[in-house]
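Colleague: I would like to learn how to read helix packing and backbone details in a model such as this one. Could you take me through some features, giving the general idea and then the case here?

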Amino acid sequence: MDEGRHETSHQTPCPAGPPPRPVHPPGVGPSVPAPSRAPGAGPTVAQWLRVPRPEAGVGVWRYGHVPRAVEEPEVTPARQLVTGALISAVAGLLLWSLLWNGYLGHFWLWPLLVFTPDSWRGRMPFVVAGYTWYAIVIAIFVVGFGRLGRWPELLRRALRRAVPGRSAVPVPVVSGEPEDPAAWPYLRAAGLGQAAEILTAEAGAGRMTDVDYVRLRRAWESTAAHPGRRAQFGAAVRERGAGACAHPSGVRDLPVRAARHDLVHAQVLVGTVDAGARTPYARRGTGMALDPGVLGTSLLAVGPSGAGKTGRLVRPVVESLALQALAGQAVVVAVGAAGVRLGPDSGYDVVVRPGDPAAYGLDLYGGTTDPDEAAALLAEAFVGDVLEVDVRRAATALAQLLGPFRTVHGRFPAVPELRELLDSLQAVEELRRALEGAGHPAMVRELDARTRQWGAPGDVGPVLADRVALLDRPAFAGFFDTGQGSRPWSMAAVAHPLRVRIDLPERGHADASRMLARLLLAQFTAVAAARSDRSLFAFLVLDDAGRTVTPGTLRGVQRLRSANAGVLLALRSLDEVPEGLRTPLLGAVGCRMAFGGVTVEDGRRFAESWGTEWVEARDVTHRTVFADQPLTRMVHSFRKLVTGKAVTTDAVTVRQVERERWSASDLAHTVPPGHAVLSLTSVRGERAAPLLVNLAT
């Protein structure tokens, strides 16, 4: 796509007229209205907004989250609770029987006799007072023996078992309060009460989506730097309601969603933290979510084929960022093999697919006009995985051809032209004569330097020509055209809130696909870090990142954290990364995810990256107490009946030991199918220790 098609800045909150839109993928119309909400289809936007979202740690799904205690409370066994309750009830009945029958005297009736007049004796008021006093005494017995037998705890446990999960239901806040988010309080405070009423009515009628709410909120926040635009915002809301300030495509939602999203905090739910003993009590059973705050440190996911990387991680993340793109908050580029299920074509603004004349092509040069920069990116893609070739020498050789060609033709060479320049000395001589005729001595010297290297030992030209030949195939005809009439999509367009999917022909052109994936990764790291406006979160997803990591791209990934950008690299094994880059790769990303079924060697590297922790080891030695006296034996038998345990003496030894958070063996053999161990780091430096996550929930 030509960059000129995206001239409208994403910072403009609401222009007076209809917003311009980019060219759409084949078969996608220019405007898609918000879907109408069917009865019973779920909460309205107003109800969704009122659900509490308390502050929580990194990676916690905040929608309806109920914070838990840091330490696990001591849980009494059910048998002990029931036995204690029965014994206290029997003791209470026994004491009441003794009092009622006068075996303990009548002292307990003194308050009744003292506080009632003698004239009441034998009359109805005394009968009523007597039964009232009996009820008070019985209530005292129930409270006292109930607390002694822990009846309330037994009752709560029985209710929890009878009504499972009732505490996990999000409870909305009461509507109409001053800070009710569904009432748009900040618009009312700014004097735009009419706009607030219109949006409130739109939400109540089901004509507003969560994307609309977040998009409008972002548009309003952008007016803080330009107060004069607030009037435009109000006018746009009065004219178009919830459809105001729409995405340039006119689309207000995705055609289908495969995951749960909370756009208030830009979170996507990827699973539930396992409730096992090795999980901290505060995180057991909580939702695990990803958002730009953690994706900005980049994520590396490793797991064998079929482990669920695409369906349970890649697609939810792409879907979340596509929704944020529609809200004007992000740009996402998803790269995968043709046929990988990353969503329908209608869910993207741009679909790049080699061999499809109706789809977009790809700009090999990433939109740059600098020959040296273009040469560096191409060299990283062409020979970044070839250990015998110096990438810097390859970049120099390419720059010596790209610069002169652009000087003569005003553009960079197409793939057949670049191959001819690398293969044929005659093509270089023709270019030299054109430069001499146009009077460009500096570029002539560049070509002369390239000519002197021709055929010399160590010349990288033949290797580059072989790599370019992989792209000069009939299947790619016209895909990389740079001339007039072509419409290649350029990585420079990540300055706009776009949803882009690139399908690579893995089946028939595996080597070319790997080379293109390296090129896209190199282009993205260069363009994202060089953006002057970093308000949009830029994210690149590589569904198969095998053989794409090079020293140059790894350095680029490390620079993304400060550029409000990140990448997701999915690998079948760390063996797909050069051996010298495996440990640096784990150190360069802030989020690491090991799926069930990883090899022991991969598990060892993850275990090393997660390090160790100090844990408290308790060694308890139990010794059974044997009683010699009959009375002692009877007491011990009664105690065993109550507690369910034999009478013992315990010798406890407590010590601090250093252990791996997750060992290589645990990662390779104990992670169940459909699970993964995930650690997170936010761009602010907050960390979440590796936790076992059930990705199926």
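**Reading helix contacts and cores**

Modeller: Let us begin with a helix pair, keeping in mind that this is a predicted model. Leu 398, Leu 401, Leu 402 and Phe 405 in H13 meet Glu 417, Leu 418, Leu 421 and Leu 422 in H14. By class, this contact of H13 with H14 has seven nonpolar, no polar and one charged residues.

Colleague: Which general idea helps me with the spacing of such residues along a helix?

Modeller: An α-helix has 3.6 residues a turn, so residues three or four places apart point the same way. With that in mind, you can go back to Leu 398, Leu 401, Leu 402 and Phe 405, which H13 contributes to its meeting with H14.

Colleague: At what angle do H13 and H14 pack, and how far apart are their axes?

Modeller: H13 and helix H14 (residues 415–423) pack at an angle of about 125°, with 11 Å between their axes. Angles of 65 to 115 degrees count as roughly perpendicular and those over 145 as roughly antiparallel, and H13 and H14 are therefore oblique to each other. As for the hand of the crossing, H13 passes H14 in a right-handed one.

Colleague: What is the hand of the crossing where H13 passes H15?

Modeller: H13 passes H15 in a left-handed crossing. The axes of H13 and helix H15 (residues 425–438) come within 10 Å and cross at roughly 50°, which makes H13 oblique to H15. On the H13 side the contact is made by Leu 401, Pro 404, Phe 405, Thr 407 and Val 408, and on the H15 side by Val 428, Leu 431, Ala 434 and Leu 435. Sorted by class, the contact of H13 with H15 has eight nonpolar, one polar and no charged residues.

Colleague: How would you describe the packing of H12 with H13, in terms of angle and axes?

Modeller: Helix H12 (residues 371–383) packs with helix H13 (residues 391–409) at an angle of about 130°, their axes being 8 Å apart, and that makes H12 oblique to H13. The crossing of these two helices, H12 and H13, is right-handed. Among the residues that make the contact are Ala 375, Leu 378, Ala 379 and Phe 382 of H12, together with Ala 395, Leu 398 and Leu 402 of H13. By class, the contact of H12 with H13 has 14 nonpolar, one polar and two charged residues.

Colleague: Which residues have the most contacts inside the largest nonpolar core?

Modeller: They are Phe 382 and Trp 489, in a core that has 95 residues, and helix H18 (residues 510–530) gives the most to this core, with 11 residues. Leaving aside neighbours within four places in sequence, Phe 382 is in contact with Leu 398, Leu 418, Leu 464, Arg 467, Val 468, Leu 471, Met 515 and Arg 518. Apart from the largest core lies another, of 38 residues, which includes Val 45, Leu 254, Ala 289 and Leu 326.

Colleague: Which residues of H19 are buried, and what covers them?

Modeller: In helix H19 (residues 551–559) the buried residues are Gly 552, Thr 553, Leu 554, Gly 556 and Val 557. Their cover includes H12, H18, strand S11 (565–571) and helix H20 (579–588).

Colleague: Now for the backbone: how should I read the sign of phi?

Modeller: Most residues other than glycine have a negative phi, and most peptide bonds are trans. Here Arg 150, although not a glycine, has a positive phi of about 55°; this residue is found in the loop between helix H4 (124–149) and helix H5 (151–162). Arg 547 also has a positive phi, near 65°, and its place is in the loop between strand S10 (537–542) and H19.

Colleague: Are Arg 150 and Arg 547 buried, exposed or partly exposed?

Modeller: Partly exposed is the class for values from 20% to 50% relative accessible area, so Arg 150, at 34%, is partly exposed, and Arg 547, at 38%, is partly exposed.

Colleague: Which residues does Asp 511 touch, beyond those up to four places away in sequence?

Modeller: Asp 511 touches Leu 470 and Arg 547. Asp 511 lies in helix H18 and, at 41% relative accessibility, counts as partly exposed.

Note on methods:
Residues are numbered from 1 along each chain as its sequence is written. This is a predicted model: local features need pLDDT of at least 70, side-chain atom pairs count only at pLDDT 80 or more; totals for chains, interfaces and linings use all residues. Side-chain values use heavy atoms; hydrogens and water are left out. Axes are lines fitted to C-alpha atoms, for helices over the stretch in contact, and angles run from 0 to 180 degrees between N-to-C directions. Helices (H or I, at least four residues) and strands (E, at least two) are DSSP runs, numbered from the N terminus. Angles under 35 degrees count as roughly parallel, over 145 as roughly antiparallel, 65 to 115 as roughly perpendicular and the rest as oblique. A crossing is left-handed if the near helix is turned anticlockwise from the far one by less than a right angle, and right-handed if clockwise. Contact means heavy atoms within 4.5 Å. Ala, Val, Leu, Ile, Met, Phe, Trp, Tyr, Cys and Pro count as nonpolar, Asp, Glu, Lys and Arg as charged, and the others, Gly among them, as polar. A nonpolar core is a set of buried Ala, Val, Leu, Ile, Met, Phe, Trp, Tyr and Cys residues joined through side-chain atoms within 4.5 Å. Buried means under 20% relative accessible area, exposed over 50%, partly exposed in between (1.4 Å probe, protein chains only).
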